[in-house]
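Morning, everyone. I have one structure to go through today, and I will keep it short. Please have the viewer open.

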Amino acid sequence: MKEYALAMIAGMWLADGLALLLLPRFVIDHVRTAIQITTALRPWQLSSVFVGTALFWAGLELQYQPLWICAAGGMVCKGIFLAFAPAPRREQLVAWSLGREDVDYRFWGRGLSTLAVLLLHALGWIGQE
């Protein structure tokens, strides 16, 4: 069960990463629109905390353990900050994040895709002979 949960995380990372690599402006425009329409973002932000915590505990037994600890820590910190930070600080960070150049989003996409592939490799789903 734990293996499939981690594979779902890798699948989300891969989908997001490829979308940012191929169509960064389209994705960011849709994210910007979703943020303007949706007022209740706290459940999504707290889901980042939940998934990050799950990655931390499950990643302790996997190859590349320091990478999963850092990735999980980043997810948890980001989720807590976006859920509980003062509104002006949160809005400033979101505005900065959504105002980047396309090449910046492509680097994030490459990073997410790399994390996904490494997680699938650590699970033994790819790269095993």
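I will go from the overall fold to the surface, and then to the core.

A word on origin: this is a predicted model. The secondary structure comes to six helices and zero strands, and read along the sequence the pattern is α-α-α-α-α-α. The radius of gyration is 15 Å, close to the 14 Å that the globule rule gives for 129 residues, so the protein is as compact as a globular protein of that length. Along the principal axes, the C-alpha trace spans about 50 × 30 × 20 Å.

Next, contacts. Taking those with a separation of 6 or more, 74% are between residues 24 or more positions apart.

Now the surface. The accessible area is about 8,500 Å², and carbon and sulfur atoms hold 69% of that. On charge, there are 10 positive and 9 negative side chains, with the centres of the two sets 8 Å apart.

How much of the protein is buried? Of the 129 residues, 29% are.

That brings me to the core. The largest nonpolar core has 24 residues, and those touching the most other members are L6, I9, W13, L55, L62, W68 and L119. Two or more residues each come from α1 (2-22), α3 (42-59), α4 (65-84) and α6 (102-123). Which element gives the largest share of this core? It is α6, with eight residues.

Finally, take W68 as an example. Setting aside neighbours within four places in sequence, W68 is in contact with W13, L55, G59, L62, Q63, L115, L118, L119 and A122.

That is all from me.

Note on methods
Residues numbered from 1 in each chain as written. Predicted model: local features only at pLDDT ≥ 70, side-chain atom pairs only at ≥ 80, totals over all residues. Heavy atoms only, no water. Helix = DSSP H or I, 4+ residues; strand = E, 2+ residues; numbered from the N terminus. Rg over C-alpha atoms; globule rule 2.2 N^0.38 Å. Buried < 20%, exposed > 50% of the residue type's maximum accessible area, 1.4 Å probe, protein only. Contact = heavy atoms within 4.5 Å. Areas by Shrake-Rupley, 256 points an atom, 1.4 Å probe, with all protein chains shown as cover. Lys, Arg positive; Asp, Glu negative; His and termini not counted. Charge placed at Lys NZ, Arg CZ, Asp CG, Glu CD. Core = buried A, V, L, I, M, F, W, Y, C linked by side-chain atoms within 4.5 Å.
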